[in-house]
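Q: Hi! Could you walk me through this structure?
A: Sure, let's pull it up and have a look together.

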Amino acid sequence: MPSEGRCWETLQALRRSDKGRICYHRDWLLRGEDVLEECMSLPKLSSYSGWVVDHVLPNMQENPPPSETSTSPRSTSALGQPSFVPKSPVRDPAFSPASSATPDGTKDKYESQHTEPMVLQSSQGIKVEGCIRMYELLHRMKGAEGLRQWQEEQERQARALSEMASEQLKRFDERKELKHHKEFQDLREVMEKSSREALGQQEKLKAEHHHRAKILNLKLREAEQQRLKHVERERLRKEEGQIRLRNLYALQEEVLHLSQQLDAADQRRDLPRVDLSAFRTRGNQLCGLISGIIRATSENGFPTAEEQAVAERALQEMRDLLVNLQQEIARACEDRRRQDEEEAQVNRQESQVQQGPEVRKEPPASRQGPGGKLNEDLQVKVQDSTMQWYQQLQEASSQCVLAFEGLSNSKDSQAKKIKMDLQKAATIPVSQISTIAGSKLKEIFDKIHSLLSGKPVQSGGRSVSVTLNPQGLDFVQYKLAEKFVKQGEEEVASHHEAAFPIAVVASGIWELHPRVGDLILAHLHKKCPYSVPFYPAFKEGMALEDYQRMLGYKVMDCRVEQQDSFLKRMSGMIRLYAAIIQLRWPYGNRQEIHPHGLNHGWRWLAQILNMEPLSDVTATLLFDFLEVCGNALMKQYQVQFWKMILLIKEDYFPRIEAITSSGQMGSFIRLKQFLEKCLQHKEIPVPKGFLTSSFWRS
């Protein structure tokens, strides 16, 4: 049908128009009025509406379709109502001609820029509306079919893409697995290569280790051989050193024996005009030389070959000296015999002619004392009276030890406890003596005096008394005297000022308990024979260690203490002795004389100056004695004391210097400077730490 074709052409023209190409939906109003704001205005016909009305509608009226002719009057009356044709055939059905008609059947006027809106018959509007709806339905069906096909295509493509992605994932996994296999293979090859290299390196290291082990074994064997050689050399050196030491001891023993022979030869009284002092002096110097070598040996280990050679030369010189002495004595005896014969002949001649009285011979000059000119021939041995006094003190000490032997050796626990308590009560107060206040010193003195008097004293929280045991007093007296001397040996040796408080307590105890003073002297003489003064002589068959102990040295494990330590101990004990003889207990009886006063110090000084000096010992003891006691002796003896000081400087110094080696000049120089300073100032200074009246008031 041509009219139907024109209708579709009209619709196609409308669809191709500007508004016809706009896509819209019926539910736009539900989404929002802003979207359909333009469509809310009154519809207007396009410029093609006239052509549609002229060509399409008349044909449709002439040949109505059967469906239209059979419409009900209601439909006809409905179509007879005027309606506006929309501007675009593809508008939303909400803007259909039926919906655009007013209720009162009047026409709304709508002006357009080109044409006036055309009023369509209701049947034609329905036709157009139907066509539009058919077109929309067809379009929706085509859209649905297209959408279905598109969805199928998309699903197919998605399946294809999924399959392709799955295949790609499989390929990726295969490539990844292949890569892992390659990496693992490469790693295994690297590890195998490294293992081979490590094995090769290990083999190389093993070879190097074996080589180095061989070298080290060779070096160890060489080192062991060197060590064995060194040990052998050290053993041989020690054996040689011991042999040299034994030879040195034998040399010293022989030298001492020759010295005794020199002394015996010097004791001859039938040769008064023969001066043998030079032989004895040289013999003493040789003995001192040998003793110095042995002391140096005890400090350094074993004697060297040079020291042994020096000792052998000294022995040979001693032998020559003895031979020369014997020759001198023989010549003197021959001269004496000849002189006697001549004198006898002269006497016979005089008796025959009876001429003149007998000629009297003047006796030889007697020895000068310390206040006069020093004798050219000094002693080596102590005076007999002093020796008897020394032996009496040692005998008293031995008897005291025997008196408390039962307490000392008792196995009873109670006796042991008493002995320990008594020893603490006697020694602890002495240990507490120092440069403290006088009141504290008096408490210590009273405690010691009470203990010796039999009164109970407190010691260690317990009451102690010498009456607890019959031998308690002897034990306490012996231990107390021993502790006083030990304080001088240790405390005073380290702190010179401590000599005075210890000495004043000892002097006070000595005054009240004379036996304690005798025991103090016995211990002092035993540990320091130079405080007698006494130079012990070496006897045949005596062990060298015993002789060194007699000289005051400490001998432990066949090793003699060093000279510095020995001199320090001797110095402390001499300082204590010098302090005791000049101090008195201030709270005692001043009417009584000192039990061991300055006269004993003067006797000691005179006797030591009448004896041959000992290297390093005599100078040290003289300095310590004069520094502590010189001021008191100066005040007591005045002019006689200064004569003695001049005697020491002019006559005794050269003797000390002659026997002193270059390494032992320190003590001699210290003594010389001290005396020169005293002579220059005409005064002996008060010793440092001397107890003054202010000390006792504190």
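Q: How much area does the protein expose, and what share do carbon and sulfur atoms supply?
A: The protein exposes about 41600 Å², and 53% of that comes from carbon and sulfur atoms. Areas here come from the Shrake-Rupley method with a 1.4 Å probe, and for residues only the protein chains shown count as cover.

Q: Where does this model come from?
A: This is a predicted model, where local features need pLDDT of at least 70, side-chain atom pairs count only at pLDDT 80 or more, and totals for chains, interfaces and linings use all residues. Residues are numbered from 1 along each chain as its sequence is written, and side-chain values use heavy atoms, leaving out hydrogens and water.

Q: What share of the residues is buried?
A: Of the protein's 698 residues, 37% count as buried, meaning under 20% relative accessible area (1.4 Å probe, protein chains only).

Q: How many helices and strands are there?
A: There are 24 helices and six strands. Both are DSSP runs numbered from the N terminus: helices are H or I with at least four residues, strands E with at least two.

Q: New topic: which residues does the cis peptide bond join?
A: Val532 and Pro533, with omega about 0°. Pro533 sits in the loop between helix H17 (514-527) and helix H18 (544-550).

Q: And what about phi of Asp616?
A: Asp616 is not a glycine, yet its phi is positive, about 75°. Most residues other than glycine have a negative phi.

Q: Is Asp616 buried or exposed?
A: Asp616 counts as buried, because its relative accessibility is 10%.

Methods. Buried < 20%, exposed > 50% of the residue type's maximum accessible area, 1.4 Å probe, protein only.
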